[in-house]
Every structure is written in C-alpha cells, then in structure tokens.
Amino acid sequence: MNKRLFDLERTFAKVVLTRRGFLGGAVTAGGALLLDPWSARALERVTEPRSAMPGGELVGRVPFQLEPDAPLEERLYDGLDARFYTDHARVEPGRLITPAEEFFVRTGKPEGLAAAGAWRVRIDGLVERPLTLDARRLVEQAGDRGTHVMECAGNSRWVRFGLLSAATWSGVPLSTLLAEAGPLPAATSVRVSGFDHHPVASTNSTAGCSWVFGLKDLESAGAFLATSMNAAPLSLDHGHPVRLLVPGWYGCCCVKWVVRIEIVDDRQPATSQMIEFAGRTHQNGTPKMAAGYRPATVDLAAMATRVDEWRVGGRRVFRVHGLSWGGDRESLAANSRLEIRFAPGEEYQRVTHQPVREASGSWGLWTHEWKPEKPGRYLIQLRIDDPEISTRRLDAGYYVRGVEI
Ligand SMILES: Nc1nc2c(c(=O)[nH]1)N[C@H]1C(S)=C(S)[C@@H](COP(=O)(O)O)O[C@H]1N2
Ligand SMILES: [Mo]
C-alpha cells in the first residue's frame, strides 16, 4: 500500500503535469483505472451538524471517486516516508485553520535532533558578519506572521489532495536576519539547509532538504523563520524548533529543522531537493544550476472538498463545498470569479457562493448549489476565466474530482 501510493503520487505528477492533463493522462496512467474508480460506495452517513439548507433535510455525503482510499487523518510511516493527510471535508467557516495535529506531514522528524535549547542556526557565506543564532533568541524575537496555506508540490488525487493545510504562524523575517549579517556586493542568493538524518533510506524521496533562493524572491515573498504554528511551538514533525516558510511557494521550499543559511552568488548548482521537485514545481526541465529555477509559487487553484446530498421539497439537491487557495496578491480579486462545471465540454457556470479570502496566502471556502438533471457520473472542475491569471494546475485538470450520484 505504502509503495503503491508513492508510485501513484509520482506517476500522477509526471503524467498530469508534463503531458496532456488529467483526462488524457488517466487513460495512460494504467494504475489509475485498476483502482476501479467508479465502484459503488455507499453514501457516507453524515452525523455531525452541517450548515443548514432552508426547508431541506441532509441525506448524506457523496464520496469522491477516482481516488484510492488513502487514510486521511492518520499518522503513517516514519522519516522520509512519514505522511499525514488532512481531511478538507472538515474545513468549515468556523474552522478554517487546520489544527496543528491535523496539519499535513511530509517527512517526519529526523533521528538525533538536538534539543531546542542547544539548537543553532548558522548564517554565513558572502556576509560581513557571520552569525550563529540561538533558537531561543529566535523564539523571543518572533512576531505574528499571519495565516498561510502550505501545499506539497506532490499533492495529488492519489493522496486525496491531503497534502494541503492552513495555519497561523509566527517567526522572524529572513530579511531582518540577513540585514544583520550584511550581504556582500556579490551576494545574489541564499541556500537554506535543514537537518536531515533519516537512518532508513526511502525509495520514494531523496534525503536532504536545501533550496537556493534569489535574495529578492525571498524578500518579496516575505519569507520567515517560523518558530510557532497556531500559537504553539512547532511540533517535531513540523520542523521544531525552526523552519523556513516561504508564503505562496510550495512546501518543498519550506525547509524544516533549519541549521544553515548561506549567502551565495548566482553560480550555485541545484540541490538534490530542487532536482527532485523540478517537475512538480513546474520548472522548465531540470536545470542543473539553481539560477535556472523559477520561483516555486503555487498558482491560484480550487477544488471541491465535500459534496452533500440534500432533499428539498422531494427533490435531490447537492451542495458542493470547496476550497480556493494559491495565487499572488494580484490574483486575489480573480478569486471571486470562480466557475464550475460537472462534465468535460460542459459550459462553466459561476460558483453560487464565491470564496472569501482574508489574505492572499490564506484559503477560502466556497459552496455551489447543484441540481443535476439525472443520476450519473460527474467530474467537478473549477476555473478562473482570465488569461492574465496563471492557473496551470487548474487548466491541466489536476484538481478534477469525480462523483457518482
Ligand atoms: N529538512 C526537511 N525539510 C523539509 C522536507 C524534508 O524532507 N526535510 N520536506 C519538505 C516538503 S517536500 C514539504 S511538502 C514540507 C512539508 O512540511 P510539513 O510536513 O510540516 O507539512 O516540508 C519541506 N521541508
Ligand atoms: Mo512536498
């Protein structure tokens, strides 16, 4: 199961991101169809209270098809293979922030982590004043850094899109620390490295997590060294005592257990982490040099996260719940022009209740009233109809979800 899921994670990312999009890709990704995606699964009974539909009675929840039964909300495996998949059906207007113990995990705590009291972060390289920072000093200096969504670049239907969560963070802006060290004129980039000692090798992931960023990119993204999540110290799995957060970039750049920040020039080779994630962060091939990598930003995206069946005046009505996240500050306004369709080739219609997002780094909930004319299999796809806004994964059908009603 473990091995199979990981293979699927990778096959999916490869097929969908590099070739023809989900609908074309599913045909060639043989493994996908072996899962018998349309096997009938009974409606899951919903017992917890739900936002009401006037005059309606809640019948149940329609499970998503075309997705394996990856266990959500369960801590799986260890080290590089450690996973925890967040269940987005539980995101509600009053529960938008993912509790820390439900925040997704990709790579569990390494072996031999030093205690927080003995933790040091070294800032060196092309600087006037190399620094050795005590983790306790960073905790004292940390301020509120807002709510940010994080998504693993390898998030996919094979893990039920569970590698996506939102939390509030506090930490210290990287720019503050870099200014303290004083970059020399030749400095253009920063290599941030984590402590990664995993005694058991993984066939799925490469050990070691370091990423080379352009100084300007880090600054404009508002990158920070995080010391707490949801007002509590980071857990061991989430990078205790210090991790990097680069708002708006994929999780693979958010180095956990940070030990070294090296100021460098633009002639650095790509790190193993950059090479591993080149395809999944939409790079142009696999550049050998770090300077050849584009910012690993998350485009504006949206997906259905829960479909509830209601009975209203003898009629079946479905309410599709979903999330919207990603994109930059400029695309935030476009977020309220979300469109939905239920079959390839069908015309898109406006989502009835558009997502509300407080900030560009956060996510928003949307809902759509859906009255299908007949029972059948449907594919739920979202879009933003605006050529100015980059929505690469949406356009590729990456977040399409299937239901049978
Ligand atoms: N040191 C270290 N940092 C790491 C990783 C890793 O393997 N080692 N994985 C990265 C990846 S691919 C992701 S998606 C995020 C996941 O962070 P989380 O487990 O706290 O959700 O951490 C990133 N930081
Ligand atoms: Mo990731």
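Here are some notes on the ligand site and the two main pockets of this predicted model.

1. Start with ligand 1, which sits in the largest cavity. On its own the ligand would expose 540 Å², and the protein buries 100% of that.

2. Who is around it? The shell has 19 residues, and Phe104, Asp196, His238, Arg243 and Lys256 come nearest to ligand 1. By class, the shell splits into eleven nonpolar, four polar and four charged residues.

3. Two side chains are worth a look here. His238 puts a polar side-chain atom 2.7 Å from an oxygen atom of ligand 1, and a polar side-chain atom of Arg243 also lies 2.7 Å from an oxygen atom of the ligand. The backbone joins in too: an N or O atom of the Cys254 main chain is 3.0 Å from a nitrogen atom of ligand 1.

4. On to the largest pocket, with about 540 Å³ of space. Its lining counts 25 residues, and Gly248, Thr297, Gly327, Asp328 and Arg329 lie nearest the centre. Strand 6 (143–151) and helix 6 (215–221) are the elements that give two or more residues to this lining; helix 6 gives the most, with three. The class split is eight nonpolar, ten polar and seven charged.

5. The second largest pocket has a volume of about 290 Å³. Of its 17 lining residues, Glu92, Pro93, Leu365, Trp366 and Thr367 are closest to the centre. Here the elements giving two or more residues are strand 15 (315–325) and strand 18 (364–370), and strand 18 gives the most, with four. By class, this lining has seven nonpolar, six polar and four charged residues.

Key: Residues are numbered from 1 along each chain as its sequence is written. Chains are lettered from A and ligands numbered from 1 in the order in which they are written. This is a predicted model: local features need pLDDT of at least 70, side-chain atom pairs count only at pLDDT 80 or more; totals for chains, interfaces and linings use all residues. Side-chain values use heavy atoms; hydrogens and water are left out. A residue is near a molecule or strand if one of its heavy atoms lies within 4 Å of it. A polar contact is a pair of N or O atoms within 3.5 Å; within protein, one must be able to donate a hydrogen and the other to accept it, and residues adjacent in sequence count only if both atoms are side-chain atoms. Accessible areas come from the Shrake-Rupley method with a 1.4 Å probe; for residues, only the protein chains shown count as cover. On a 1 Å grid over the protein atoms alone, a cavity is a set of points where a 1.4 Å probe fits but cannot get out, and a pocket is an open set with protein on both sides within 12 Å along at least five of seven lines; lining residues have an atom within 4 Å of a point. A molecule sits in a cavity or pocket if more than half of its atoms lie within 2 Å of its grid points. Ala, Val, Leu, Ile, Met, Phe, Trp, Tyr, Cys and Pro count as nonpolar, Asp, Glu, Lys and Arg as charged, and the others, Gly among them, as polar. Grid points are joined across faces, edges and corners, and a volume is the space filled by probe spheres set on the points.
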